[in-house]
Amino acid sequence: MNYIEILGQKAQDAKKSLATASTGKKNQILKRIADKLLEKQSDILAANEKDIANARDNGISETMVDRLKLTGERIAGIADACIQLTNLEDPVGEVIEGSTRPNGMKITKVRVPMGVVGIIYESRPNVTVDAASLCIKSGNAAILRGGKEAICSNKVLMDTMREAVAECGFPEDIVQLVEDTSREVSTQMMQANGFIDVLIPRGGAGLIQAVVKNATLPVIETGTGNCHIYIDETADLEMGVLITDNGKTQRPSVCNALETCLVHKNVAGKFLPMLKKKLDEHHVEIRGCERTAAILGECVIPATQQDYATEFLDYKIAVKVVDSVEEAIDHIGRYSTGHSECIVTESYANAHKFQQEVDSACVYVNCSTRFTDGGEFGMGAEIGISTQKLHARGPMGLKELTTMKYLICGEGQIR
């Protein structure tokens, strides 16, 4: 057995105890994890400082360092997310539907855990706790493989969670960390059929495509976020500036941040100078079309087709002036990764058209794409944002980590 198969066998052996646990027992684990995260805060921050120092030594950008960084406030938020999960309904055992057949046989469809969930992700150490806690509440064992840049933080976080699990009387192997971050071991994880039941990649386009192309086990594809906002000719322009600024600058390194702003030609002359003034507060680089440059001048870097297709994850934004809502929808259809898009408009007809015709997981009217988040959607923490269409789409919470089975009861019926 290779390294991942050994972890997978441990998870398979441990999963039954969690799959059959009561909601109260699972909530007890989550509460203990929350307590221990706060107790171990100084250890976690010390490990995180090592990761940050290594990242800067390796030339990682400051926006990406922000994804990696933990603070006392962020640790408190991670702990609070665990507590929030205890307040959410347990999906395991939910009766989805049922029927009685003409022969008297009773069929019930119920939610059950996936089994062993593997998650490959990058940078953000909060994902280590978010993913593990969601798996615990949904009755799944978890094998987590974070990026090498967060390995010190992830080890301490995982040790903390495993201690909490053991203190609550469960096998600590219901949560495990892949400590070998080599490419070879990642490939092992992608091909661990029989040991991992489903694999979820969470990170940049390169990681996600590598998993999709190389995995031989079922994958739920989470999305890179080339997210768009369209400022309609009927838009409240001040609202448009605030929503665009929030989507771009509040936290540019995350997948629900805005990357492209499309503006109707009839309001571009007024809106774009307003937007530039606001974005200048964060020194946002603008890459725009010829009409954008004609309005804003030499500060605009000529946009390429690649710019419109890029998830910058930085203080950069692509801008294009369009002739109509139809052109905006066509542009999004061509370049979007299917994550989150927004229209700012006072036109019900245009809002309806946009939401009906834009084929993304989350489509907003007059509010920021930054709300594409499990917590903001009332799911507690999230396992990721799915941009595929099978099984799960959009923010994935507890229900998305379950599958179903049929329970059939009879009285001697034969066929």
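Where does Ser 186 have its place? Look in helix α8, which covers residues 183-190. Keep in mind as you explore that this is a predicted model. Ser 186 has a relative accessible area of 8%, and anything under 20% counts as buried, so this residue is buried. Setting aside its neighbours within four places in sequence, Ser 186 is in contact with Ile 120 and Arg 145. Those two contacts give us a good way into the sheet.

Ile 120 falls within strand β3, which spans residues 116-121, and Arg 145 falls within strand β4, residues 141-145. Both strands belong to an open sheet of four, ordered β5-β4-β3-β6, and the pairing is parallel. At the edges you'll find β5 (175-177) and β6 (198-202), each of which pairs on one side only. If you look at how neighbouring strands of this sheet are turned against each other, the average is 20°, ignoring direction. As for what holds such an arrangement together, strands of a sheet pair through backbone hydrogen bonds, either parallel or antiparallel.

Let's zoom in on one of these pairings. Strands β4 and β5 run parallel and are joined by three bridges. Pick out Leu 144, and you'll find that its bridge partner in β5 is Leu 177.

Now for the helices that go with this sheet. Helix α6 (residues 126-137) packs on it and touches β3, β4, β5 and β6. The direction of α6 makes about 165° with that of β3. Helix α7, made of residues 151-167, lies across β3, β4 and β5, and runs at about 160° to β5.

What about the greasy side chains? In soluble globular proteins, nonpolar side chains tend to be buried together. Here, the largest nonpolar core has 47 residues, and the members touching the most others are Ile 29, Ile 33, Leu 37, Ile 119, Leu 144 and Ile 383. You've already met Leu 144 as the bridge partner of Leu 177. Helix α6 supplies the largest share of this core, with seven residues. For a closer look, try Ile 29: leaving out residues up to four places away in sequence, it touches Leu 18, Ile 136, Val 165, Cys 168, Phe 170 and Ile 174. There's also a second, separate core of 32 residues, and Ile 231, Ala 318, Cys 342 and Val 344 are among its members.

Before moving on to other strands, stop at the edge strand β6, where Arg 202 lies. Is Arg 202 buried or exposed? Its relative accessibility is 11%, so it counts as buried. The side chain of Arg 202 reaches the backbone oxygen of Ile 383 at 3.3 Å, and Ile 383 is one of the core residues that touch the most other members. Not counting residues up to four places away in sequence, Arg 202 touches a whole list of residues, including Tyr 121, Glu 122, Val 127, Leu 207 and Thr 222.

Next, find strand β11, residues 316-322. This strand is mostly covered, with five of its seven residues buried. Strand β8 (residues 258-264) pairs with β11 in the parallel sense over five bridges, and here Val 263 has Val 321 as its bridge partner. Strand β9 (residues 285-288) also pairs with β11 in the parallel sense, over four bridges. In that pairing, Glu 285 is matched with Lys 316.

Val 263 leads us to Phe 271, because the two are in contact. Phe 271 lies in helix α11, residues 265-279. With a relative accessibility of 0%, Phe 271 counts as buried. Besides Val 263, and leaving aside neighbours within four places in sequence, its contacts include Ile 231, Leu 237, Val 241 and Cys 261. Phe 271 and Ala 235 are 36 residues apart in sequence, and their C-alpha atoms are 9.7 Å apart in space.

Finally, how many aromatic pairs turn up in a search of the whole structure? The search finds one. It is formed by Tyr 308 and Tyr 335, whose ring centres are 5.9 Å apart, with a tilted arrangement of 45° between the planes. Tyr 308 sits in helix α13 (residues 305-308) and Tyr 335 in helix α14 (residues 325-335), so the pair ties together parts that are 27 residues apart in sequence. Tyr 308 is buried, at 4% relative accessible area, and Tyr 335 counts as buried too, at 10%.

Terms used: Residues numbered from 1 in each chain as written. Predicted model: local features only at pLDDT ≥ 70, side-chain atom pairs only at ≥ 80, totals over all residues. Heavy atoms only, no water. Pairing = 2+ DSSP bridges. Helix = DSSP H or I, 4+ residues; strand = E, 2+ residues; numbered from the N terminus. Axes fitted to C-alpha atoms, helices over the stretch in contact; angles between N-to-C directions. Contact = heavy atoms within 4.5 Å. Phe/Tyr/Trp six-rings, centres within 6.5 Å; stacked < 30°, edge-to-face > 60°. Buried < 20%, exposed > 50% of the residue type's maximum accessible area, 1.4 Å probe, protein only. Core = buried A, V, L, I, M, F, W, Y, C linked by side-chain atoms within 4.5 Å. Polar contact = N/O pair within 3.5 Å; in protein donor to acceptor, adjacent residues only side chain to side chain.
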